Amino acid sequence: MHLYKTSKGTVVRHDEKSFVIEGDWDTIINRENLFQYLLDATITGKIITEGQSGELIENYLLPPIGNQEVWAAGVTYLRSRDARMEESEDSGAADCYSRVYEAERPELFFKSLPHRVAGHMQQVNIRKDSSWNVPEPELALYVNSKGNIQAYTIGNDMSSRSIEGENPLYLPQAKMYEGSAALGPCLYIPEGPIPADTTIKMNITRNGEKLFDDGTSINRMKRSLTELARWLYLEFNFFHGCFLMTGTCVVPSNDFTLQVNDEVNIDIEGIGRLTNLVGVRVEVKDSRQLSAVIR
Ligand code: DO4
Ligand code: MG
């Protein structure tokens, strides 16, 4: 089952049928057994044609987030550990990545407030003070207020490798800035947990030419998804639940850096595709302009 947030209402797609359902986004998603709730909601919801749901999703799609914080886990795959150890070789900090990969406690960091999250077909940014920039394709979890995983989406954890590589204490600057997070295109709500062999792929195109194309499956992760959610909820209350990106397993080679106008496509089996265009931050002096810039 797929749940789309649009500016004209919430669309459920299930079994090749589409429905518009009532209710506020945060209340809809924050429950136990979201799959069953949505199945019941389709009975009372308004059935719409494929054409109508296509038009809503094509023209009015929003990132699938309400009032949730976005958190991220790091160094959950060997590929990420190795990339981090390489980028931090000069700073002498490589050891901290191998230690966190082996440790019981995972690396968890705050990623974004909801208003900074870009959705499908929206812009993500590279920092102007960073010389080495990459997208990080990640499975993202929606975890409800009780700490239970209810849905999945695609995350892009945009990162500066030059800033983090200089000093791991710069991680917040490497990871958190305007337009550094994307989620979408929808929430995927399977009846049970997402299959362990789910594939995740990313391609990057520049001027119509594919520069990078690679993928793997989420069963290469060192930790379980429930383990990551459990650590995050140890000392937090998330009244609306939260989103948790689960770490990257697809990393371009070290000579690759993103440029403005590159297009990043991330595909996760069962969920769909998240596409983002790369840009740079536009200075906004009046908060009323924000919606025009980000959404
Ligand atoms: O340790 C830095 C961040 C790691 C990360 O974002 C990832 O592994 O995806
Ligand atoms: Mg990451």
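Which residues surround ligand 1? In this predicted model, the shell consists of Ala72, Gly74, Val75, Thr76, Ser80, Arg84, Glu107, Glu136, Asp157, Leu171, Gly247 and Thr248. Two elements, β5 (69-74) and α4 (78-87), each give two or more residues to that shell. If you sort the shell around ligand 1 by chemistry, you get three nonpolar, five polar and four charged residues. Keep the ligand in view for a moment, since two parts of its surroundings are worth a visit.

Let's start with Glu136, one of the residues around ligand 1. Glu136 sits in the loop between β9 (133-134) and β10 (137-143). Is Glu136 buried or exposed? With 24 other C-beta atoms within 10 Å, Glu136 is buried, because the cut-off for that label is 20 or more. Setting aside neighbours within four places in sequence, you will find Glu136 in contact with Asn156, Asp157, Ser159 and Thr248. Of these contacts, Asp157 and Thr248 also belong to the residues that surround ligand 1. The fold also brings in a partner from far along the chain: Glu136 and Pro252 are 116 residues apart in sequence, yet their C-alpha atoms are 9.3 Å apart in space.

Now turn to α4, which gives residues to the ligand shell. Its buried residues are Ser80, Arg81, Ala83, Arg84 and Glu87. They span an arc of only 165° around the axis, so they lie on the same side of α4. The general rule behind such a pattern is that an α-helix has 3.6 residues a turn, so residues three or four places apart point the same way. What covers these buried residues of α4? The cover includes β5, α5 (94-102) and α6 (161-166). Ser80 and Arg84 are thus in both groups: they are among the buried residues of α4 and among the residues around ligand 1.

From here, move to an open sheet of five strands. Its order is β8-β18-β17-β14-β15, and the pairing is mixed. Strands β8 (122-125) and β15 (209-217) stand at the edges with a single partner strand each, so one side of each has no neighbour in the sheet. From one strand to the next, the twist averages 25°.

Within this sheet, follow β14 (residues 199-206). On one side β14 pairs with β15, antiparallel, over eight bridges. Lys201 stands opposite Gly215 in β15, while Arg206 has Glu209 as its bridge partner there. The hairpin of β14 and β15 has two residues between the strands, and Asn207 takes a positive phi near 50°. Strand β14 is also joined to β17 (residues 263-268), by six bridges and again in the antiparallel sense. Here, Ile204 is matched with Val264 in β17.

Finally, go back to the start of the chain, where you can trace two hairpins in a row. Strands β1 (residues 2-6) and β2 (residues 9-14) run antiparallel and are joined by five bridges, with two residues between them in the hairpin. In that pairing, Thr6 has Gly9 of β2 as its bridge partner. Strand β2 is then joined to β3 (residues 17-21), antiparallel, by five bridges, and His14 stands opposite Lys17 in β3. Two residues lie between β2 and β3 in their hairpin, and Asp15 in the turn has a positive phi of about 50°.

Terms used. Residues numbered from 1 in each chain as written. Chains lettered and ligands numbered in written order. Predicted model: local features only at pLDDT ≥ 70, side-chain atom pairs only at ≥ 80, totals over all residues. Pairing = 2+ DSSP bridges. Helix = DSSP H or I, 4+ residues; strand = E, 2+ residues; numbered from the N terminus. Axes fitted to C-alpha atoms, helices over the stretch in contact; angles between N-to-C directions. Near = placed C-beta within 6 Å. Nonpolar A, V, L, I, M, F, W, Y, C, P; charged D, E, K, R; others polar. Buried ≥ 20, exposed ≤ 12 C-beta atoms within 10 Å, placed from the backbone. Contact = placed C-beta atoms within 7 Å. Arc of directions from axis to C-beta.
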